[in-house]
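Please open the model in your viewer and keep a selection tool at hand, since the tour moves from one selection to the next.

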Amino acid sequence: MENRMASTEEEKGPELIRIEQLEKLPPDFVPTRGADNQLIIKAGKILRTARTDDRHILRAPWKEACLDIRVSKESLPRALRIMGNLIGFLEMERLTVTLDPAKSESTVVTAFGEQIQFGLIEKVRRFELPAAPPRSTQQGRTLTFADKPIDYLPTGELSVQVWSYCREPHRKVWRDGKRGQVESLLPQCVAGFMRIGLALRRHTEEIRREELEHQRRLDEFNELKQQIEAEEARVKQLEAAVNNWKRARLIREYVRAVETSATKCGEKTDSSSETGRWIQWATQQADRVDPIATTTPSILDKKPELARLHKLLNPWYA
């Protein structure tokens, strides 16, 4: 039985074993406090003087890089303690918390090489205000939802929420409840971050494997395509050579026929005669077409030079 349990732990790996250990920690376990963390100190300075939105929740100025702590003024001291302890817990597990100003949810914890966005949120309830006074005395009052005056009330109920997408069904919210407050859920919260980090890493590795497989198939496709195109080019060259060889043979047969006909008619066919010179020229053309015979220079070889001179004489046609 002991051997079986040991082998199971080896199969899980050190990350999962550590996660399960965190999940079993008692609710009153508190790591080294993170109140002296620079991110907490900076967030406290910013949020203590920050304005609240229409839901009475503190909002840091958009130019200020601040931890995602979205709570009311009354809940801010507790929220800073929770976030400080959470950061201290994360750092104890060698998970770093940073701010990414490029993201709307800028608080990021890096777990197993994966970035996880999270924040601390206070629940807010919406309620209708009493009936609006007569129009003449309605100044300063705004009709909002369905022409009914409403307001919001922060409840003091806090929750740690993960905002990063994870396709595996892992827990992403730890909130105040009947069984306890968020402070007692920090070990489970950190373990949850780590589970999500592992899931994101698996997803990243799966995508990388799929990309490598896609690239392998693409390389195989391109290599096969190049081989086929090269073979097709060789076949076309062969067919062209055969056709030219046939043309050269037909030209030579025609030249011999002309020469035979001229001889029968008593015409001269030596190089001094017009027929002889034509026979010599036609034989050279056959040699030029024949892929096997040795070619001789021809005025046709200067066609590229003609194109160059035409371009110089007529630049507007270039």
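**Charged pairs and a helix**

Begin by selecting Arg217, which counts as exposed at 53% relative accessibility, where exposed means over 50% relative accessible area, buried under 20% and partly exposed in between, with a 1.4 Å probe and protein chains only. This is a predicted model, in which local features need pLDDT of at least 70 and side-chain atom pairs count only at pLDDT 80 or more, while totals for chains, interfaces and linings use all residues. Residues are numbered from 1 along each chain as its sequence is written, and side-chain values use heavy atoms, with hydrogens and water left out.

Add Glu213, partly exposed at 28%, and you will find its salt bridge with Arg217, the closest N and O atoms being 3.0 Å apart; a salt bridge here is a side-chain nitrogen of Lys or Arg within 4 Å of a carboxyl oxygen of Asp or Glu. The two residues lie four apart in helix H4, separated by about one helical turn, helices being DSSP runs (H or I) of at least four residues and strands (E) of at least two, numbered from the N terminus. Extend the selection to Arg216 and Glu220, which are linked with Glu213 and Arg217 in a network of salt bridges.

Next select Arg18, partly exposed at 28%, and Glu93, buried at 15%, whose salt bridge has its closest N and O atoms 2.5 Å apart. This pair links distant parts of the chain, with Arg18 in helix H1 (residues 2–23) and Glu93 in the loop between helix H3 (76–92) and strand E4 (96–99), 75 residues apart.

Finish on helix H5, whose buried residues include Thr275, Ile279 and Val289.
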